[in-house]
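User: Could you go through the ligand site with me, and then the empty spaces in the protein?

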Amino acid sequence: MSYKSDIIIVGGGVIGSSVAYNLLNDGYTGEVTVFEKDSIYEFSSTPRSAGGIRQLFTTAINIQISRYSLKKYETFPNDMAIDKEKTEIDFKQRGYLFLSQNETIEQLKKQCTLQQSYGVPSELLTKEELLSIIPELNIDDLNGGLYCSEDGYLDPYSVMQGYVRKAKQLGANYVYEEIDTILESGGNISGVKLTNGEIYEAPIVVNCAGPWAPALSEKMGLPIPVIPLKRQIIQFDIAEELEKDLPLTVDPTGVYFRHEGTSLIAGFSEAVKPGIDFRWKRSFFMEQLWPILGHRIPNFERAKIVSGWAGMYSHNTVDQNAIIGDHPEVQGYYLACGFSGHGMQQAPAVGKGLSELIRIGKYETLDLSPLRFERFERKEILVEGAIV
Ligand SMILES: Cc1cc2nc3c(=O)[nH]c(=O)nc-3n(C[C@H](O)[C@H](O)[C@H](O)COP(=O)(O)OP(=O)(O)OC[C@H]3O[C@@H](n4cnc5c(N)ncnc54)[C@H](O)[C@@H]3O)c2cc1C
């Protein structure tokens, strides 16, 4: 059996669904078909994310992408309302805070200036000023921090479902089946073959398959420098409450933490072997997180694990940034993958950009071309200094 569509999107996570929504919301009138193999999104990266939204990046492109996306998340509940019912995403603008030790303060000053030049209200804080944000913080070994009060965290699952519902309302066709192969003939995309053997023909395929994107591309003979890496998050309770709600805070060691309701969550990008693996371990908290958390905030010394989970980063091994845009070797093949742990805060801008590139052949709102695939061959590598 063979079906036809105008655009096929592989993966209905936050990225694929934002692309579908933006295409249709921008007036695209063709058939948009989104394939999603995991109908309850059990293993997708999106619902397993920490939901951190920050403009505190070190490259102009990531700062601009995050600023655009943050503004979209501020108005998301109304913009994505269905029949006047708001799409709540629990966006808590409690700030984002990078704590600094001596060796990074100059770097932070430079970052702050660059962020401010794009309108981001980031601030460099002295170590004493940090106490106005987190009164219980141990500042003995810190020399300050970089803070942005507009930033914060949201509920990734609600954002994704908001995009899915709105895209469907605008006419997107979601098919809950797995794509086996992206098909190409003579340098042009011709469609996809599903694992059930069905063929869907289309001249355009967008690879938004998250951690599974590199394997699909590799199968076409078009490898991309992205590997799946396991990332764990642990939820815990503390005996003595903190005075204030936490910003998403990143310790100089890379351990990050924030409130999750009345509990807390913490995570860390530990060194792991590449591969899909969803097992989480209490020992990760006991051995890697807890000593650092207890040192940074004494209240964390008396902590009790509530639960935990593991999700996948789609880690770009070359420059830890997303790969966005058309593939130079196959006409009609587009990529939106390799987000390296910052895809939630990029989803609105990436969806908008790809909608423009596919519909009109160029970027209008925000030039995402620094993230194009050709940057690797052209040695236009885009190293991001603030990876969490
Ligand atoms: C622990 C953790 C913490 C994170 N914290 C943050 C954060 O604080 N801030 C931030 O911005 N980002 C964060 N991220 C990153 C963020 O979650 C991802 O960048 C983002 O969710 C990527 O979305 P996606 O749609 O590309 O991937 P996914 O959500 O994984 O969606 C891809 C979809 O494709 C489907 N799929 C794959 N292959 C096929 C196929 N062959 N056929 C059909 N369907 C297919 C999958 O089932 C999946 O649903 C974090 C990630 C993790 C794991």
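**Ligand site and empty spaces**

Analyst: G343 has a polar backbone atom 3.0 Å from an oxygen atom of the ligand, where a polar contact is a pair of N or O atoms within 3.5 Å. This is a predicted model, in which local features need pLDDT of at least 70 and side-chain atom pairs count only at pLDDT 80 or more, while totals for chains, interfaces and linings use all residues. Residues are numbered from 1 along each chain as its sequence is written, and side-chain values use heavy atoms, with hydrogens and water left out.

User: How much of the ligand's accessible area does the protein cover?

Analyst: On its own the ligand has 1,000 Å² of accessible area, and the protein covers 97% of that, by the Shrake-Rupley method with a 1.4 Å probe.

User: And which residues come nearest to the ligand?

Analyst: E36, S44, S45, T46 and G52 come nearest, out of 39 residues around the ligand, with a residue taken as near if one of its heavy atoms lies within 4 Å. T46 places a polar side-chain atom 2.5 Å from a ligand oxygen atom, and for G52 a backbone N or O atom lies 2.8 Å from an oxygen atom of the ligand.

User: What classes of residue make up that shell?

Analyst: The shell around the ligand has 18 nonpolar, 14 polar and seven charged residues, where Ala, Val, Leu, Ile, Met, Phe, Trp, Tyr, Cys and Pro count as nonpolar, Asp, Glu, Lys and Arg as charged, and the others, Gly among them, as polar. Its largest share, three residues, comes from β18, strands being DSSP runs (E) of at least two residues and helices runs (H or I) of at least four.

User: Switching topic, what volume does the second largest pocket have?

Analyst: About 390 Å³, as the space filled by probe spheres set on the grid points, which are joined across faces, edges and corners. On a 1 Å grid over the protein atoms alone, a pocket is an open set with protein on both sides within 12 Å along at least five of seven lines, a cavity is a set of points where a 1.4 Å probe fits but cannot get out, and lining residues have an atom within 4 Å of a point. F98, V250, D251, P252 and G385 are the closest to the centre of this pocket, among 20 lining residues.

User: How many cavities of 30 Å³ or more are there, and what lines the largest cavity?

Analyst: The structure holds one cavity of 30 Å³ or more. The largest cavity is lined by Y68, A349, K352, G353, E356, T365, L366 and L368, and helix α8 (residues 347-360) gives the largest share of that lining, four residues.

How values were computed. A polar contact is a pair of N or O atoms within 3.5 Å; within protein, one must be able to donate a hydrogen and the other to accept it, and residues adjacent in sequence count only if both atoms are side-chain atoms.
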